[in-house]
Amino acid sequence: MSVLRIETGPDGVALVLYDVPGEAVNTLRHGFQEEFEAAFGRLAEDSAVKAILLASAKPDSFVAGADIEMLSRIKTAAEASALARGGQQAMQRLEDAGKRKPVVVAIHGAALGGGLELALACTYRIASDDRRTQLGQPEVQLGLIPGAGGTQRLPHLIGIAQALDLILTGKSVRAQKARKLGLVDEVVPKAILLEVARRRARELAAGELRIERGKVELKLPKLLRTEVLQQIALEDNPVGRKILFQQARKALLEKTRGHYPAPERALEAIRIGTEKGPEEGYRAEANFFGELVVSDVSRRLVEIFFATQALKKDTGVDDPSARPRKVEKVAMLGAGLMGAGIAYVTADAGIPVRLKDKDDAALGRGLKQIAGILDERARRKRLSPREREEKLALLTVTTDYSGIRNADVVIEAVFEDLSTKHAVVREVEREAPNAIFASNTSSIPIGLIAEAASRPQNVVGMHFFSPVHKMPLLEVIRGRSTGAESVATVVALGKRIGKTVIVVNDGPGFYTSRILAPYVNEAAFIFNDGAAVEDIDRALVDFGFPVGPMQLLDEVGIDVGSKVAHIMHEAFGARLAPPAGFEKLVESGRLGRKSKKGFYLYGESKEKEVDRTVYELTAQGQKRSSPTTGEIAERCVLQMVNEAAHCLGEGILRSARDGDVGAVFGLGWPPFRGGPFRYADSLGAAQVVERLRRYQEKFGVRFTPAPKLVQLAGSGGKFHQADVVKTR
Ligand code: NAI
């Protein structure tokens, strides 16, 4: 399969177009090395060719990276290293061709991973100023490192510190920022990209354009900042570089807690290249790449990536004839914390929103919240003043139902109270009879809310997470009577506003809140039995959660946690009973951060410190004695895994895939552990059941293994049938 098309013009510029047949975006695939080496070898020899211009034939993508399915099929580290070696050689061939005649690359769209490495091997880089143009090395996000020379060429081009910043975080930058970093030489409007690139190719060939690259373009005031001066001093001498690498490693380990090997390896490959020269650097890069491709961490991250890709194509319903309705306008009821957040993300996606609340004061608070998010984005230059105005213009407000009649979807985020929800259902059916009614309730079953509706097929759940503009997950809930069209419509809407969407069936706590409840309960039991707050939180943070359960309770509100715990207890019985006496915390006014009184102190100090007076409310008082870190984490995590298995067994979840994605994107389940189902698969169901039974003997019914787990333990089966989920 050929991916290159070459057209040499009368001006001696050979236009090389990268075009993977039949795909919307370009990726680097098997066989590209051979084709590259042959093509650039030939062009370097061809006397009719004075210069080469490399570009993508796709309308809005340059090269998005290596084909990840190709990587996921690799079985051994040696095979993966060989692939990296091949990629490095192809890039080297490109760089060598550039020494004989200039190779200009025109970048429009994503130049990520292998795509950026391709650009780095060219002589001159010119990018379009379009927002779709993004440059970066996102490999670490899949547990990998750049494998086609990126760890060597990038630091060489933009300096070690800047390269570390890009490679270790995996973040991408837009064209203007890339220009400032020295990552591209020139930025022009998309309309003239190819024309200017061609001209630069001719000028370079004729010796009329000299490339002068400073290290990093630093403006004067910035130059005076000591850390920049320090950074330059550090990079330019061997002792300084050593310190730079040591500091980077320390900062990295604090962040990854040793769970993510890829950024550590990337750092090491860069260090080896800088200290021992490119040959050793390339060898290290290929070896590390090989080792990482087949590592468990990378496999888990790749599986999650595939799961999110598959979800993008999932309509959310099994009925292929169900089509989403076209959504041209959304009405949002309630301008509180959630309502304002949902209105913001909707307008941000370009959809007109009518926002309703009871009075002007409530609307004012909502608008202030929205303006705050927009201002922050404008300050970070993510949004131009014009874009800010355009988004705000999509938002109108009201204290009655005017302007809601023609809304296609009405989302409610009014108070969490069944009679209030019923009242709005009836009002909406009267005012906008055909609209789909989506509730953002966090705990009331959708079926109960729909009881007030005369058209219950239009009632569906859209459970967003707080803060709405930051949290990636949307949990759509299908009630007993919800129609497929309603589900498909809000799933499509959720995707349009940039969320990863899972669809679950109705039930107390739906999926995410339900599996969180026994996890938090277990932490509460451990606390009640005398463990220290910091030990509990540390155990789960060490496991890989962003925050521990006690801190989570402080953030969410201990009263909220307690309320949910009781709802779950009522619904599921003894298995979900919260520990006795926990409500004493709430009764004593300890609600968490919002009351400045929780498990932690909320004073002036920036240091996180446990409020030891909280221990006086427990039987053991100040005398604390914690189980081992391993036991704390295991007990809490097993609770979550077991409840997830209940959800799958009872049909709350459509698939294990959705359960993993929901936990990772909604609850901060450690991505490198793949989600509760992947985690259970990695241990084996028999092992999970055995551990649960051990705790069951000690602590009773709350550790009874879920029937689905017992069944898999018996059959030796797995939650995920295939080791790697395929997207096509
Ligand atoms: P909030 O108290 O900040 O906002 C509720 C808003 O609804 C208030 O501005 C109130 O004036 C308005 N309101 C009440 N009745 C109304 C009516 N009939 N028509 C129009 N507006 C009305 O509450 P929050 O936190 O935004 O929660 C809203 C909903 O979202 C609740 O159902 C809650 O369970 C759910 N939720 C909350 C999450 C959170 O983290 N706070 C997360 C996910 C869901």
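**Exercise 1. A proline in a loop**

Between which two strands does the loop with proline 467 lie?

Solution. The model is predicted. Start with the strands on either side: strand E16 covers 459–464 and strand E17 covers 473–478. Proline 467 is in the loop between E16 and E17. Next, look at the bond that leads into this residue. The peptide bond from serine 466 to proline 467 is cis, and its omega is near -5 degrees.

**Exercise 2. Domains**

State the bounds of the domains in the protein chain, and the separation of the centres of domain 1 and domain 3.

Solution. The domain assignment gives domain 1 as 4–294, domain 2 as 330–507 and domain 3 as 513–721. Taken over C-alpha atoms, the centres of domain 1 and domain 3 are 43 Å apart.

**Exercise 3. Two residues with positive phi**

Find the loop that holds phenylalanine 510 and the loop that holds lysine 596, then decide for each residue whether it is buried or exposed.

Solution. Take phenylalanine 510 to begin with. Its phi is near 50 degrees, a positive value in a residue other than glycine. The residue sits in the loop between strand E18 (500–505) and helix H21 (512–528). Its relative accessible area is 0%, so phenylalanine 510 is buried.

Now take lysine 596. Its phi is also positive, at about 55 degrees, and lysine 596 is not a glycine. The loop in question runs between helix H25 (583–587) and helix H26 (629–649). Lysine 596 has 60% relative accessibility and therefore counts as exposed.

**Exercise 4. A salt bridge between two helices**

Which helices are tied together by the salt bridge of arginine 388 and aspartate 375?

Solution. Begin with the contact itself: the side chains of arginine 388 and aspartate 375 meet in a salt bridge, at 2.6 Å from N to O. Then place each partner. Arginine 388 belongs to helix H17 (residues 385–393) and aspartate 375 to helix H16 (residues 360–379), so the pair ties together parts that are 13 residues apart in sequence. Finally, compare the accessibilities with the 20% limit, under which a residue is buried. Arginine 388 has a relative accessible area of 16% and is buried. Aspartate 375 has 37% and is partly exposed.

**Exercise 5. A salt bridge between distant parts of the chain**

Describe the salt bridge of glutamate 643 and arginine 575, and give the surroundings of both residues.

Solution. The two side chains meet in a salt bridge of 2.4 Å, N to O. Glutamate 643 is in helix H26 and arginine 575 in the loop between H24 and H25; the pair links distant parts of the chain, 68 residues apart. Helix H24 spans 558–572. Both glutamate 643 and arginine 575 are buried; for arginine 575 the relative accessibility is 16%.

A further distance can be read from arginine 575. Its C-alpha atom is 38 Å from that of alanine 343, which is 232 residues away along the chain.

**Exercise 6. A salt bridge within one helix**

Why are arginine 694 and glutamate 690 separated by about one helical turn?

Solution. Arginine 694 forms a salt bridge with glutamate 690, with the closest N and O atoms 4.0 Å apart. The residues are separated by about one helical turn because they are four residues apart in helix H29 (residues 685–699). Arginine 694, at 45% relative accessibility, counts as partly exposed. Glutamate 690 counts as partly exposed as well, at 46%.

**Exercise 7. Charges taken together**

How many salt bridges does the structure hold, and which residues form the positive surface patch?

Solution. The structure holds 56 salt bridges. One network of salt bridges links Asp314, Asp318, Arg654, Arg657 and Asp658. The positive surface patch is formed by Arg174, Lys177, Lys180, Lys381 and Arg382. Among them, lysine 177 lies in helix H7 (residues 175–181), and its 42% relative accessibility makes it partly exposed.

**Exercise 8. An alanine in a loop**

Is alanine 191 buried or exposed?

Solution. Locate the residue in the loop between strand E10 (186–188) and helix H8 (193–205). With a relative accessible area of 76%, alanine 191 is exposed. Its C-alpha atom and that of leucine 355 are separated by 38 Å, and the two residues are 164 residues apart along the chain.

Methods. Residues are numbered from 1 along each chain as its sequence is written. This is a predicted model: local features need pLDDT of at least 70, side-chain atom pairs count only at pLDDT 80 or more; totals for chains, interfaces and linings use all residues. Side-chain values use heavy atoms; hydrogens and water are left out. Patches are made of residues with over 30% relative accessible area and no salt bridge: like charges are joined within 9 Å, nonpolar side chains (Val, Leu, Ile, Met, Phe, Trp, Tyr) within 5 Å. Accessible areas come from the Shrake-Rupley method with a 1.4 Å probe; for residues, only the protein chains shown count as cover. Lys and Arg count as positive and Asp and Glu as negative; His and the chain ends are not counted. The place of a charge is taken as NZ of Lys, CZ of Arg, CG of Asp or CD of Glu. Buried means under 20% relative accessible area, exposed over 50%, partly exposed in between (1.4 Å probe, protein chains only). Domain bounds come from an automatic or database domain assignment.
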